[in-house]
Amino acid sequence: MVKIYKSGRVVICLSGKSAGKKGIIIKSNDDGTLDRPYEHALVAGIERYPRMVTKSMSKKKIEKRTRLKTFLRIINLKHMMPTRYSASDIIFDKMSVNKESIKDPAKRKKARSQIKSILQSRYRSGKNR
């Protein structure tokens, strides 16, 4: 069987708090583990998208409206839908963004801020178009 959920694949979360939100798979586990006996993946995504910006807005307002909020979560593969897109050019630091960083609140906050900076800079540079 072909492995669909590879790292870098863009997915849409189908259930839970992040339902309807897009995410990028960081690490996929098709067999499950002892603590999670189901197939799951570590997903980093956008919880709150940037808002619309017009030409007449000030730089300060544009700065505020282009902020986004991210999430870092372990999600069951049955609760997400793969898209045809992959964001393999977005590279997260494996030392700070991993399964162990989710358990500790301080590490989780640091990982989320790193994800936020990467996605926000990509959005502001215009590479998403």
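1. A good place to start is the middle of the sheet: Lys-27 stands opposite Leu-42 in β3. Strands here are DSSP runs of E with at least two residues, helices are runs of H or I with at least four residues, and both are numbered from the N terminus. Six bridges join β2 to β3, and the two run antiparallel. Two strands are called paired if DSSP finds at least two bridges between them.

2. Before going on, please keep in mind that this is a predicted model, where local features need pLDDT of at least 70 and side-chain atom pairs count only at pLDDT 80 or more, while totals for chains, interfaces and linings use all residues. Residues are numbered from 1 along each chain as its sequence is written, and side-chain values use heavy atoms, with hydrogens and water left out.

3. Now the whole sheet. Five strands form an open sheet in the order β4-β3-β2-β1-β5, with antiparallel pairing. The edges are held by β4 (69–76) and β5 (80–86); each has a single partner strand, so one side of each is left without a neighbour in the sheet. On average, neighbouring strands are turned by 35° against each other, direction ignored. Axes are lines fitted to C-alpha atoms, for helices over the stretch in contact, and angles run from 0 to 180 degrees between N-to-C directions.

4. The other pairings can be followed one by one. Strand β1 (residues 9–13) and strand β2 (residues 22–29) run antiparallel and are joined by three bridges; here Ile-12 has Lys-22 in β2 as its bridge partner. Between β3 and β4, also antiparallel, there are eight bridges, and Val-43 stands opposite Arg-73 in β4. Strand β3 is mostly covered, with eight of its nine residues buried. Buried means under 20% relative accessible area, exposed means over 50%, and partly exposed lies in between (1.4 Å probe, protein chains only).

5. What lies across β2, β3 and β4? Helix α3 (residues 105–125) does, running at about 115° to β4. One of its residues can be tied to the core: the largest nonpolar core has 17 residues, and Ile-26, Leu-72, Phe-92, Val-97, Ile-115 and Leu-119 have the most contacts inside it. β2, β3, β4 and α3 each supply at least two residues of this core. A nonpolar core is a set of buried Ala, Val, Leu, Ile, Met, Phe, Trp, Tyr and Cys residues joined through side-chain atoms within 4.5 Å. Leaving aside neighbours within four places in sequence, Leu-119 is in contact (heavy atoms within 4.5 Å) with Ile-24, Ile-46, Leu-68, Thr-70 and Ile-90.

6. A second, separate core has ten residues, including Ala-41, Ile-75, Leu-77 and Met-80. Leu-77 deserves a look of its own. This residue sits in the loop between β4 and β5 and counts as buried at 5% relative accessibility. Apart from neighbours within four places in sequence, Leu-77 is in contact with Tyr-5, Ser-28, Asp-30, Glu-39, His-40 and Ala-41. Its C-alpha atom is 8.0 Å from that of Tyr-5, although the two residues are 72 apart along the chain.

7. How many salt bridges does a search of the whole structure find? There are six, a salt bridge being a side-chain nitrogen of Lys or Arg within 4 Å of a carboxyl oxygen of Asp or Glu. One of them joins the side chains of Glu-39 and Lys-78 (2.8 Å, N to O). Glu-39 is in the loop between β2 and β3 and Lys-78 in the loop between β4 and β5, so this pair links distant parts of the chain, 39 residues apart. Glu-39 is partly exposed at 26% relative accessible area, whereas Lys-78 counts as exposed at 60%.

8. The side chains of Arg-122 and Asp-89 also meet in a salt bridge (2.8 Å, N to O). Arg-122 lies in helix α3 and Asp-89 in the loop between β5 and α2 (99–103), so the pair ties together parts 33 residues apart in sequence. Arg-122 is partly exposed at 21% relative accessibility, and Asp-89 is exposed at 51%.

9. A local pair rounds this off: Lys-103 forms a salt bridge with Glu-100, with the closest N and O atoms 3.6 Å apart. Being three residues apart in helix α2, they are separated by about one helical turn. Lys-103 is exposed at 58%, and Glu-100 is partly exposed at 48% relative accessibility. Finally, salt bridges that share partners join Glu-47, Lys-69 and Arg-73 into one network.
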